[in-house]
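Please look over the model shown below, which is a predicted one, and follow the account from its pocket to its surface.

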Amino acid sequence: MSPILVLLDWLLFGPHGLVRWSDTLLWLLYPTAYAIIMITRGMLLPAVNDRFPYPFLDPTVAGFDGMIAALGRVILILALIALAVVALDRLALAVVALDRLASAVTRRRSRIPVSERQH
């Protein structure tokens, strides 16, 4: 419920017109960097316990014999995560579009004299 209320608060009361379309690419940097660091850490630090923070990304869980199959599973999971990131980018574009729409409505309302506004 809170994310919906935050979105409504931002749409109804927040400053608008500040978000750029290019900001959506910046928003993807954090999850992308996190994924790269997480996988790199798991590959470079084999002696560390829990080197992969999520078991579904660890190709060694199935043991050496099943490692090829597990690696294929990890690649599939990473592909699904990549699709989720693309979906998040589409959501981010929708947020920017809502911000632009709210900005246009605010500008339009500010041009209408108070006496002409319907209450």
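Helix 3 contributes six residues to the lining of the largest pocket, and this is the largest share of that lining. Helix 3 and helix 4 are each the source of at least two of the lining residues, and the space enclosed in this pocket comes to about 200 Å³. The lining is made up of 13 residues, among which Pro31, Ala35, Leu78, Ile81 and Val85 are the closest to the centre of the pocket. As for how such space is found, rolling a probe the size of a water molecule over the atoms shows where empty space is left.

Between the two helices just named, helix 3 spanning 29–44 and helix 4 spanning 67–111, there is a loop, and arginine 51 is found in that loop. Arginine 51 has a relative accessible area of 15% and is therefore buried, since buried means under 20%. A polar atom of the arginine 51 side chain lies 2.8 Å from the backbone oxygen of glycine 42.

The account now turns to the surface. Leucine 5 has its place in helix 1, which covers residues 2–13. With a relative accessibility of 46%, leucine 5 counts as partly exposed, because that class lies between the 20% limit for buried and the 50% limit for exposed. Leu5 is also one of the members of a nonpolar patch on the surface, which is formed together with Ile4, Leu8, Leu12 and Phe13. Taken together, the residues of this patch have about 550 Å² of accessible area.

Notes:
Residues are numbered from 1 along each chain as its sequence is written. This is a predicted model: local features need pLDDT of at least 70, side-chain atom pairs count only at pLDDT 80 or more; totals for chains, interfaces and linings use all residues. Side-chain values use heavy atoms; hydrogens and water are left out. Patches are made of residues with over 30% relative accessible area and no salt bridge: like charges are joined within 9 Å, nonpolar side chains (Val, Leu, Ile, Met, Phe, Trp, Tyr) within 5 Å. Accessible areas come from the Shrake-Rupley method with a 1.4 Å probe; for residues, only the protein chains shown count as cover. A salt bridge is a side-chain nitrogen of Lys or Arg within 4 Å of a carboxyl oxygen of Asp or Glu. Helices (H or I, at least four residues) and strands (E, at least two) are DSSP runs, numbered from the N terminus. Buried means under 20% relative accessible area, exposed over 50%, partly exposed in between (1.4 Å probe, protein chains only). A polar contact is a pair of N or O atoms within 3.5 Å; within protein, one must be able to donate a hydrogen and the other to accept it, and residues adjacent in sequence count only if both atoms are side-chain atoms. On a 1 Å grid over the protein atoms alone, a cavity is a set of points where a 1.4 Å probe fits but cannot get out, and a pocket is an open set with protein on both sides within 12 Å along at least five of seven lines; lining residues have an atom within 4 Å of a point. Grid points are joined across faces, edges and corners, and a volume is the space filled by probe spheres set on the points.
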